[in-house]
Amino acid sequence: QSERVGFIGLGNMGSRMANNLIKAGYKVAVHDLNQTVMKFFSEKGILTKDSPFEIAEASDIIVSMLPSSTHVLDVYTGPNGLLCSGNMLRPWLFVDSSTIDPQTSRRLSAAVANCALKEKKDHWETPIMLDAPVSGGVLAAEAGTLTFMVGGLEEAYLAAKRLFLSMGKNTIYCGGAGNGSAAKICNNLALAVSMLGVSEGFALGQCLGISASTLTKIFNSSSARCWSSDAYSPVPGVMDGVPSSRNYEGGFASKLMAKDLNLATTSAQEVSVKCPLASQAKQIYMELCNQGHGMKDFSSVFRHYYSGKDE
Ligand code: NAD
């Protein structure tokens with residue numbers, strides 16, 4: 001691969017995604033505020049840069065994987081941001097894989113399209129941005145089996161497909177700018193509600209005298225079956241290799257789920273759609289964070305909310 005990729009945000013997800021790009025042969029330069037992770041990459045011989053601006057100067061394609069909209073705005077439009085050089089940009093493609101609100105994705109996509117390219121890329125007159133959040137979590141990021149849901153110009157999506165498939169195994173085109181972000185927050189809304197439903201069912205079931213293993217068999221061969229019951233059980237001791245079997249460490253932090261539910265309820269308000277379950281789920285996850293469990297996996301709602309115990 002001759003294209004240079006600048007990767008910004010080397011956390012739980014980004015560090016693994018950047019590694020897969022390196023393995024696929026892309027020339028990668030990285031940036032993160034966290035100096036420890038920067039040192040880790042530079043010791044492996046990977047080019048590190050001190051700001052998003054310097055990354056932009058050295059890259060044809062940018063990928064960002066940051067916690068929330070504020071961080072993404074900062075990286076794009078901040079003082080040393082990707083777009084700070086005015087308008088003559090080297091990168092022709094900007095991919096943001098962070099889970100953020102569709103409105104911010106749309107605003108940034110317009111800001112990118114308003115810039116000019118230093119050197120014309122094929123027939124593109126301006127750089128292009130795709131919102132491309134992912135589903136799959138840390139294990140899928142490591143294994144390169146993420147699913148990308150992508151919004152933006154379809155031609156750019158097709159041109160970027162090879163890049164996505166270096167980090168994932170599925171890509172789904174969702175429509176215009178912001179639609180990838182919209183798809184992601186709807187997915188996580190449904191996931192949060194299913195996780196709460198499964199946790200509530202198990203908490204009640206156990207109090208009514210049914211063992212967790214029996215109830216797991218029932219759910220998974222009945223109409224309650226879902227990913228939270230058959231692949232990611234929130235009940236310790238039911239499944240190996242999931243966060244509930246390791247004290248809810250690793251996985252998808254409750255504070256990130258609270259953030260995504262906030263994105264869903266805010267978006268719902270903006271388009272005047274009632275989402276009462278998303279609002280209730282947001283309250284529950286915010287309560288969990290306020291009690292100090294924000295870093296635990298989101299399936300820890302079973303232990304910390306439904307069991308009433310606090311360990
Ligand atoms: P994380 O907190 O582990 O990593 C974020 C990284 O961004 C950190 O290394 C941080 O130092 C860096 N960062 C923050 N602000 C920065 C800035 N201004 N400039 C440069 N670097 C900056 O988060 P994560 O778990 O990797 O998640 C990233 C995104 O992916 C989030 O939007 C999350 O919702 C989404 N996501 C996470 C998972 C998961 O299972 N963890 C799954 C799917 C999607």
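The legends below accompany several close-up views of a predicted model.

**Figure 1. Overall architecture of the chain in the predicted model.** The chain is built from 13 helices and eleven strands. Its radius of gyration is 20 Å, close to the 19 Å that the globule rule gives for 311 residues, so the chain is as compact as a globular protein of that length. Taken along the principal axes, the C-alpha atoms fill a box of roughly 70 × 45 × 35 Å. Of the 311 residues, 45% are buried, and among the contacts between residues at least 6 apart in sequence, 64% join residues at least 24 apart.

**Figure 2. The two assigned domains and the contact between them.** The domain assignment divides the chain into domain 1, spanning 4-175, and domain 2, spanning 182-306. The centres of domain 1 and domain 2, taken over C-alpha atoms, are separated by 29 Å. To the contact, domain 1 gives ten residues and domain 2 gives 13 residues. On the side of domain 1 that touches domain 2, the residues fall by class into five nonpolar, four polar and one charged.

**Figure 3. The shell of residues around the ligand.** The ligand is surrounded by 25 residues, of which the closest are Gly 11, Asn 12, Met 13, Thr 99 and Gly 137. Two or more residues of this shell are given by each of the elements α4 (69-77) and α6 (137-143). The largest share, three residues, comes from α4. Sorted by class, the shell around the ligand holds 13 nonpolar, ten polar and two charged residues.

**Figure 4. Strand β6 and its parallel partners β4 and β8.** In a regular strand the side chains alternate between the two faces of the sheet. In strand β6 (residues 93-96) both faces are covered, since Leu 93 and Val 95 on one side are buried, as are Phe 94 and Asp 96 on the other. Strand β4 (residues 61-64) runs parallel to β6 and is joined to it by four bridges, and within this pairing Ile 62 stands opposite Phe 94 of β6. Strand β8 (residues 128-131) likewise runs parallel to β6, with four bridges joining the two strands. Here Val 95 stands opposite Leu 130 in β8.

**Figure 5. Tyr 248, a buried residue with a positive phi.** Most residues other than glycine have a negative phi. Tyr 248, although it is not a glycine, has a positive phi of about 60°. This residue lies in the loop between α10 (227-230) and α11 (254-270). Tyr 248 counts as buried because it has 25 C-beta neighbours inside 10 Å, where the cut-off for a buried residue is 20 or more.

**Figure 6. Ser 272, an exposed residue with a positive phi.** The phi of Ser 272 is near 55°, which is a positive value in a residue other than glycine. Ser 272 is found in the loop between α11 and α12 (276-293). With 6 C-beta neighbours inside 10 Å, Ser 272 counts as exposed, a class that requires 12 or fewer such neighbours. Thus Tyr 248 is buried, whereas Ser 272 is exposed.

How values were computed:
Residues numbered from 1 in each chain as written. Predicted model: local features only at pLDDT ≥ 70, side-chain atom pairs only at ≥ 80, totals over all residues. Near = placed C-beta within 6 Å. Nonpolar A, V, L, I, M, F, W, Y, C, P; charged D, E, K, R; others polar. Domains from an automatic or database assignment. Contact = placed C-beta atoms within 7 Å. Rg over C-alpha atoms; globule rule 2.2 N^0.38 Å. Pairing = 2+ DSSP bridges.
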